[in-house]
Amino acid sequence: MNAVRSVAIAGAGVAGLATGIQLARAGVHVDLFESTPELRTSGSGISLQGNALRVFDALGAWDDIRAAGFAFEGLNLRAPGPAAPVVAALPDVKTGGPDYPAAMGMPRADLARILFEHAGRAGVNVTFGAAVTGLRQTDAAVEVEVDGRVAGTYDLLVGADGIHSTVRSLMGITTGPQPNGMGIWRTFVSRPPEVERTELYYGGPVYIAGYTPTGPDSMYAFLVEKAQDRSQVTDEEATRIMLEESRAYGGPWEAVRADLARGAHAHYTWFTQHVVEAPWNRGRAVIIGDAAHSCPPTIAQGAAQGLEDALVLTELLTTRAAVDEALWEEFHARRIPRARAVVEASAQLAQWQIDGVADADAGGLIFGIAQQMAEPA
């Protein structure tokens, strides 16, 4: 029993592809429109908690993702300085349950590729270089415009088109991402053998320094600083800035700096946060993922929460007879409190770093929110 027969999706990120996979596997016709000319294969790495891995299993993609990533248990906190001693080893919290690792790192490009391949096998029709630019609704359907032309009429439009969502604006929702005062440098480098889990350094010249293993020979490293306008920084300058800002951190950061000195690319973005209040739908259009909520990546739950949105939405769409108020009420009841809790905890941890709160408090908050995520959405 499906409440929908045809669905349009805006955005080929993790939330959009996960939605498409689940709907297409249930026999729903899915057209996915992605504004970029090709699948995004840039970026460094991504940290995935167990609750994200649980969703990948539901999608049928877990075996491929497990093979492409680096699974690990626990989290180390290190002190800044040349010796970089481990000051705390946080216990494992299996947010996906006992059948999955506590966490995993993997290259973003591999995650995008695997989900795209599964979407194709499921029967999702993906069109690149196609931006959703308009929508017109009736009680029973939504007409979707792509690049100014009518692309089709569907039972539902899902806006999974990121923090600067066009679909969100077309729906008349004005809530959007707000900077929180932090910016992050990221780079993709080789993995020293001693790095077997995420390690974070609190204190020193930046708020947070850290790295996450993403494969047998790779990891991504990051520095979180006070947000600055870095828009005019060249690639060479970006690499130099990240190298210089990391000098206060020893241990495996020595290997990171060696790769930066050899020209590893550094990328800079600002942290944002927002939660759209209920409802996330306007008639037969709905937003999920970063379009509906964004948070600083301080507890590595951004992608996981978008995946949970997709899983809950598709569960309801494929087990109900109609897209009605009861469906939306359950969707919002299951998703908004959970998403808000993650955003608030992420923002609190970020603010504590800005305010200089003790590292032990930060570690305790990470552990506490991870325990909350152990309950299925």
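**Salt bridges, cores and the S14 strand pairings**

In the predicted model, Asp110 has a relative accessibility of 24% and therefore counts as partly exposed, since the partly exposed class begins where the buried class, under 20%, ends. The partner of Asp110 in a salt bridge is Arg113, with the closest N and O atoms 3.8 Å apart. Arg113 is likewise assigned to the partly exposed class, because its relative accessibility is 35%. Both residues belong to helix H4 (residues 108-122), where they are separated by three residues, about one turn of the helix.

A total of 21 salt bridges was counted in the model. Another of them links the side chains of Arg136 and Glu143, for which the N to O distance is 2.5 Å. Arg136 is partly exposed, its relative accessible area being 43%, and Glu143, at 23% relative accessibility, is also counted as partly exposed.

The salt bridge between Glu308 and Arg338, in which the closest N and O atoms lie 2.5 Å apart, is placed in another setting. Glu308 is part of helix H8 and Arg338 is part of helix H9 (residues 325-355), so that this pair ties together parts of the chain that are 30 residues apart in sequence. Glu308 counts as buried because its relative accessibility is 3%, and Arg338, with a relative accessibility of 12%, counts as buried as well. Through salt bridges with shared partners, Glu308 and Arg338 are joined with Asp309 and Arg335 into one network.

Considered as a whole, the chain contains 10 helices and 20 strands. Its radius of gyration is 21 Å, close to the 21 Å that the globule rule gives for 377 residues, and the chain is therefore as compact as a globular protein of that length. The C-alpha trace spans about 65 × 45 × 40 Å along the principal axes. Of the 377 residues, 57% are buried, while the area exposed by the chain amounts to about 15000 Å², of which carbon and sulfur atoms supply 50%. Among contacts with a separation of 6 or more, 72% are made by residues 24 or more positions apart.

The largest nonpolar core comprises 72 residues, and the members that touch the most other members are Phe56, Ile65, Leu115, Trp280, Ile287 and Phe331. Helix H8 (residues 302-317) contributes eight residues, the largest share of this core; Glu308, described above for its salt bridge to Arg338, is located in that helix. When neighbours within four places in sequence are set aside, the contacts of Ile65 are with Phe56, Met104, Met106, Leu111, Ile114 and Leu115. A second core, separate from the largest one, contains 22 residues, including Tyr201, Met242, Tyr249 and Trp253.

Two of these second-core residues, Tyr201 and Met242, lead to the elements considered next. Met242 is found in helix H6 (residues 235-245), in which Ala238, Thr239, Ile241, Leu243 and Glu245 are buried along with Met242. The packing partners of the buried H6 residues are strand S13 (178-190), strand S16 (218-226), helix H7 (253-261) and strand S17 (266-275).

Tyr201 belongs to strand S14, and both faces of this strand are covered, with Thr198, Leu200 and Tyr202 buried on one side and Glu199 and Tyr201 buried on the other. Five of the five residues of S14 (residues 198-202) are accordingly assigned to the buried class. Strand S14 is paired with strand S5 (residues 75-78) in parallel orientation through four bridges, and Leu75 is the residue that stands opposite Thr198. Strand S15 (residues 208-215) is joined to S14 by four bridges as well, but the orientation of this pair is antiparallel, and Tyr202 has Ile208 as its bridge partner in S15. The connection between S14 and S15 is a hairpin with five residues between the strands, and in its turn Gly203 adopts a positive phi of about 100 degrees.

Methods: Residues are numbered from 1 along each chain as its sequence is written. This is a predicted model: local features need pLDDT of at least 70, side-chain atom pairs count only at pLDDT 80 or more; totals for chains, interfaces and linings use all residues. Side-chain values use heavy atoms; hydrogens and water are left out. A nonpolar core is a set of buried Ala, Val, Leu, Ile, Met, Phe, Trp, Tyr and Cys residues joined through side-chain atoms within 4.5 Å. Buried means under 20% relative accessible area, exposed over 50%, partly exposed in between (1.4 Å probe, protein chains only). Helices (H or I, at least four residues) and strands (E, at least two) are DSSP runs, numbered from the N terminus. Contact means heavy atoms within 4.5 Å. A salt bridge is a side-chain nitrogen of Lys or Arg within 4 Å of a carboxyl oxygen of Asp or Glu. The radius of gyration is taken over C-alpha atoms; the globule rule is 2.2 Å times the number of residues to the power 0.38. Accessible areas come from the Shrake-Rupley method with a 1.4 Å probe; for residues, only the protein chains shown count as cover. Two strands pair if DSSP finds at least two bridges between them.
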